[in-house]
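Got a new structure on screen and wondering where the descriptive words come from? Let's talk it through.

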Amino acid sequence: MQSEQNSQIYHQKSDVKRVLSTNVSSASLNDDEGGLKFGNVLQSLQRRLPVIAGVTIVVTSLAVFKSATSKPIYQSGFEILAKPITEETRVISAVTLNNRDTEEPKDTISPTTLKLLKSPKILNPISEALKSKYPDINYDSLVDGLAIKAENQILSVSYQDKNSAKVKAVLDLLSKAYLDYSLEERLSDVQQGIDFVNSQLPQVQERAGKLQDKLQTFRQQYNLIDPDSSSKQLASETTTISQQKLETQVKLDELRSLFSDLSRQVAEPVNETKVSSILQENSRYQAILSQIQTVDGQIAKELSIFQENTDRVQALRDQRANLIPLLRLEEERAKELVASRIRDLEARLEILSEVEDKLNQQVKQLSIISRQYTDIQQEIKITNENLNQFLTKREALRIDAGQRKTPWQILTPAKDPASSSADIKKNGVLGGILGLLLGSGVALFLDRLSNLLRTTDEVKDIAKLPILGIIPFNSDLYSDEDTDEILEGIPLNRSLMRNETSSAIGKLTKIMNFKSWINRSHQGLDSDSNAIQPYYMTSIFLESFRSLYTNIRLLSPDEEIRSLVISSSIPSEGKSTTSLYLAQAAAALGKRVLLVDADLRRPKLHDRLLLSNALGLSNLISTDLNFDQVVQRSSIEPNLSILTSGQVPPDPTRLLSSQKMQILMQSFQENFDLVIYDTPPLLGLVDSKLIAARTDGIVMVVGLDKTKASNLTQALELLSNSPIGIFGIIVNGSKDYVTGVTETYKLY
């Protein structure tokens, strides 16, 4: 009977785990936040400040050194206003008012002109003129020192060299060469334009005449003056025919329906209920029908007095029988009349359809003709516009050819060359900015390369699970990382040496006054309940565990969570500390809590609480000891019971997977409100999964600045392949709130 109850309870808990796992998965999917985390970037830069400072100093030093050792270079330049608006350009603009190419000078100077200004055609004569004074000058050296920039219609020309006199001489010759080039290009362009216009003008005139002849022939061929008016007329006729066709079709449908109704009524026996409009309008039919109705009345009257076989009744029936053929004859005549009208409408509809088809063909043909007509008109228009432009352009070019004034002019003459040696201060600032950017990039790269989880947001993005609690960094506690560094390198099979080392670390923990700090943190809560305390003492650290326990309780409001596993992906993430303080927080709220050290490989809870580990979980599983013989009570929280790990067994996995362990776990859950299991890390060990399979679920502890993202991902993948419910993540060691000092609050 007891086993059946235990099995029923176990299945109920399994259902709770499945529900919680589903809720957690849904929450994680909805909590997928993307985007750039600027807070994480700033924290990464803050962690790598030495790297940023080093790179900045190196780059700045190199920039200052290069500036200090560079030789001075002399530079000067002049500005040219290209194509200004002069009196002759105004005359040209007046003549070429309809020509967009000559209305105003272009806004910018073309790249082709800039290349020509640095071409050998202009620079070679300058190098030859200065060859006697400066033997080392050539085209390549001129191009290397020459810089030309164009902004709107202004050319900025500059030249630099180590010889200031050479710079002055080159600029003087360049300014003269560019002005001569502008005048030469202007006259050359004008003459080329005149020749081109004269060569193209006869062809354009000939084409204009041919197009006019083509338009005349086209109109005569199709007897067409204006396609638009013809198109409108055809459209009107087509609309009229379509309307008539629609009206005829409606009448035809009405007559067909009437004919069908008439045929149905003719097939029925003779009675006065026939209501066809054709028959109602037929006076002869109505007269015969009236006679039949009169005879029927007389027959009914006679039958009320005489028998059926009397002569009077038989005479009336013979009279009625003689009237029936006459009535049928009138019905057939009415049908034939309707059929005749239907044939007439069908013939009319056919004629209208033929007319409509002809009109549609004419519309299609007219659209083709209209398009050809429009094309001819467009060609004539374009040709006439080109002809007018050519004539106008020829007159404008003839006026321009008579001018001899240089189109370009010097806007700013060349000044004495000035030294342009590197500014040490300016280059130092630029080097500092470049070094800062480069250092920031290197810092972010190194921080990314480390792959350590630094912030809560990073954990949330990787785990895709709810954050149940954030435990602040506490400087008063002994670091688990230091403990693991001491134990690092000790083989697992040398359990005795590891136990001795762990015992030594326990002594160090005692030196750190771990238990004393806990007592101070709970000061004021353990005082006499009858005494009035105006103040109470707490800390952000302890409050975070109370908040954590509250969040865990809210995960399952319908079915209270009775057991859970605290684990992590790798050692030294703070799972033992979290288990201890979570148990204390639950006990402080009146819950009967059992804290079980299920880490049978590297137990720590007895060292943290300064408890004996002679007997514990391993002894309870492997021997017939009573639970009361191994459990220990907390001196701080009366509702807290601790079950240490006991002696380290040679094969912890076998003990944890035994039937005895399952029975014990079921018993723990029945006798306590909450059972917390402190288990080994998930990666490389199966202990946590064995224990979590018999509990309500597992809570993962992630230590900031200790855990790699790959480790957390791998651990969560291991859990995702099992039916174990994952409640969420506890972030440990957050430095947003560094605590260690007890705070005092006043009660009101």
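What follows is a short chat about a few helices in this predicted model.

Q: Why is α14 called oblique to α26?
A: Start with the angle: the axes of α14 (residues 456–463) and α26 (residues 709–720) cross at roughly 40 degrees, coming within 10 Å. Roughly parallel would need an angle under 35 degrees, and roughly perpendicular runs from 65 to 115. An angle of roughly 40 degrees fits neither, so α14 counts as oblique to α26. As for handedness, this crossing is right-handed.

Q: Which residues of α14 and α26 meet?
A: From α14 come V459, I462 and A463, and from α26 come A709, L712, T713 and L716. Sorted by class, that contact has six nonpolar residues, one polar and no charged ones.

Q: What makes T713 the polar one in the contact of α14 with α26?
A: Ala, Val, Leu and Ile are among the residue types that count as nonpolar, while Thr is not on the nonpolar or charged lists, so T713 goes down as polar.

Q: How do you know that the buried residues of α14 sit on the same side?
A: The buried ones are T456, E458, V459 and A463, each under 20% relative accessible area. Around the axis they cover an arc of only 160 degrees, and that puts them on the same side of α14.

Q: What does K464 do just after α14?
A: K464 takes a positive phi of about 55 degrees there.

Now over to another helix.

Q: Why do the buried residues of α6 line one face?
A: In α6 (residues 120–129), I122, L123, I126 and S127 are buried. Look down the axis and they fall within an arc of 125 degrees, so they line one face of the helix.

Q: What does the face of α6 turned away from its buried side carry?
A: That face has K121 and E128, and they're called exposed because each is over 50% relative accessible area.

Q: What covers the buried residues of α6?
A: The cover includes α5 (111–117), α7 (139–145), β2 (146–151) and α8 (164–222).

Q: How do α6 and α8 cross?
A: Their axes come within 10 Å and cross at roughly 145 degrees, and the crossing is right-handed. On the α6 side the contact is made by K121, I122, L123, I126 and A129, and on the α8 side by L173, L174, A177, Y178, Y181, E184 and E185. By class, there are nine nonpolar, no polar and three charged residues in the contact of α6 with α8.

Conventions: Residues numbered from 1 in each chain as written. Predicted model: local features only at pLDDT ≥ 70, side-chain atom pairs only at ≥ 80, totals over all residues. Heavy atoms only, no water. Axes fitted to C-alpha atoms, helices over the stretch in contact; angles between N-to-C directions. Helix = DSSP H or I, 4+ residues; strand = E, 2+ residues; numbered from the N terminus. Parallel < 35°, antiparallel > 145°, perpendicular 65-115°, else oblique. Left-handed = near helix turned anticlockwise from the far one by under 90°. Contact = heavy atoms within 4.5 Å. Buried < 20%, exposed > 50% of the residue type's maximum accessible area, 1.4 Å probe, protein only. Arc of directions from axis to C-beta.
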